[in-house]
Amino acid sequence: MKRIIYMVFMNLFHAPVWLFTIARMGRPEDGRTIKECYDYIARMTRRIIKRGRVTVTATGIEHIPDQDGFMLFPNHQGLFDMLALFSTCPRPLSAVIKKEASGWILVKQVIGATGSLAMDRSDIKDQVRIIGEVTKRVREGSNFVIFAEGHRSRKGNEILDFKSGTFKSALKAGCPIVPVALINSFRPFDINSLSREYVEVHYMEPILPEQYIGMKTSEIAHLVHDRIQEEINKNVGKNTLTT
């Protein structure tokens, strides 16, 4: 919480401009492309992170498909996760987020500008609707982020089981699945300190449709989960990272 307050304070001068600009991006009459909107938000995110005394490094960016219409499946450590992804992924991203967060200031505007979707996790019908919408959008060339754990892990760099249902959209769309390992993404907002923190984003080799066709969603979930946990285990403790 201390770092969130610090970030807000350090960006008070720019925040009104960002809020106004991003709100306009979400309007139908705005003429900017998805890529232009995303690049603006990515630059804003990098500035917020830098002023918040957090260093984010990324590996495996070359694994992100050049052609749009893919899905990222990262582990989920907390509120900082989307900042880490927006600041490092060069391709436009939309996200599926929990409905409870969709009304937060700036989050609401970013949802509109990036074409992200808010899901009511307690409503089965809404979950089915979101799966259908994501499938349609990915087939049309959108890129989506889904946190397959369903909610954040509170075990540091140990990830929870992945929910098989979160992979239904990818299976139906027949798109590349990119596992993403987030390391120490919980620390910036969970550690009550303003000391510099280091977060790593590892984009892993995509799992292509021909590699998972015929698999059950539960099998895909286990495959992606195990690859991410293995990547985390391999990298935790290196350099400046701590568990």
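Is Phe 167 buried or exposed in this predicted model? At 0% relative accessibility, Phe 167 is buried, and the first of the close-up views below begins with this residue.

**Figure 1. Phe 73 and Phe 167 form a stacked aromatic pair.** The structure holds four aromatic pairs. In the one shown here, the ring centres of Phe 73 and Phe 167 are 4.2 Å apart, and their planes meet at 20°. A pair of aromatic rings is described by the distance of the centres and the angle of the planes. The pair joins distant parts of the chain, its members being 94 residues apart: Phe 73 belongs to strand S2 (residues 71-74), whereas Phe 167 lies in the loop between strand S5 (144-145) and helix H7 (168-173). Phe 73 is buried, with a relative accessible area of 0%, and Phe 167 is likewise buried at 0%. Together with Phe 162, Phe 73 and Phe 167 make up one aromatic cluster.

**Figure 2. Strand S6 (177-183) is mostly covered.** Seven of the seven residues of S6 are buried. In a regular strand the side chains alternate between the two faces of the sheet. In S6, Ile 177, Pro 179, Ala 181 and Ile 183 point one way, while Val 178, Val 180 and Leu 182 point the other way. Residues of both sets are buried.

**Figure 3. S6 pairs with S2 in the parallel sense and with S7 in the antiparallel sense.** The pairing of S2 with S6 extends over four bridges. Within it, Phe 73, the residue of the stacked pair, stands opposite Pro 179 of S6. The pairing of S6 with strand S7 (197-203) also extends over four bridges. Here Val 180 has Tyr 203 of S7 as its bridge partner.

**Figure 4. The largest nonpolar core comprises 38 residues.** Leu 72, Phe 80, Leu 85 and Leu 93 touch the most other members of this core. Two or more residues each come from helix H2 (15-25), helix H3 (34-51), helix H4 (81-88), strand S3 (94-98), helix H5 (107-114), S6 and S7. H3 gives the largest share, seven residues. Apart from this core lies another, of 28 residues, which includes Met 119, Ile 130, Ile 220 and Ala 221.

**Figure 5. The surroundings of Leu 93 include Leu 72 and Leu 85.** Neighbours within four places in sequence are left aside in this view. Leu 93 is in contact with Tyr 38, Phe 70, Leu 72, Leu 85 and Phe 86. Its further contacts are Thr 114, Asn 143 and Val 145. Leu 72 and Leu 85 are also among the residues that, like Leu 93, touch the most other members of the largest core.

**Figure 6. Helix H3 packs against several elements through its buried residues.** The 18 residues of H3 should span 26 Å at 1.5 Å a residue, and the 26 Å between its end C-alpha atoms agrees with this value. The buried residues of H3 are Cys 37, Tyr 38, Tyr 40, Ile 41, Ala 42, Met 44, Thr 45, Ile 48 and Ile 49. These residues pack against helix H1 (2-10), H2, strand S1, H4 and H5.

**Figure 7. The structure holds zero disulfides.** Cys 37 is buried at 2% relative accessibility. The closest cysteine sulfur to that of Cys 37 belongs to Cys 89, at 16 Å, and is therefore too far for a bond. Cys 89 is also buried, at 4% relative accessibility. For Cys 89, the closest cysteine sulfur is that of Cys 175, and the 14 Å between them is too far for a bond.

**Figure 8. Arg 53 has a positive phi, as does Leu 106.** Most residues other than glycine have a negative phi, and most peptide bonds are trans. Arg 53, which is not a glycine, has a phi of about 60°. Arg 53 follows H3 and is placed in the loop between H3 and S1 (54-59). At 33% relative accessibility, Arg 53 is partly exposed. Leu 106, also not a glycine, has a phi of about 75°. Leu 106 is found in the loop between S3 and H5 and is partly exposed, with a relative accessibility of 26%.

Notes:
Residues are numbered from 1 along each chain as its sequence is written. This is a predicted model: local features need pLDDT of at least 70, side-chain atom pairs count only at pLDDT 80 or more; totals for chains, interfaces and linings use all residues. Side-chain values use heavy atoms; hydrogens and water are left out. Rings of Phe, Tyr and Trp (its six-membered ring) pair if their centres lie within 6.5 Å; planes under 30 degrees apart count as stacked, over 60 as edge-to-face and the rest as tilted. Buried means under 20% relative accessible area, exposed over 50%, partly exposed in between (1.4 Å probe, protein chains only). A disulfide is a pair of cysteine sulfur atoms within 2.5 Å. A nonpolar core is a set of buried Ala, Val, Leu, Ile, Met, Phe, Trp, Tyr and Cys residues joined through side-chain atoms within 4.5 Å. Contact means heavy atoms within 4.5 Å. Two strands pair if DSSP finds at least two bridges between them. The expected span of a helix is 1.5 Å times one less than its number of residues.
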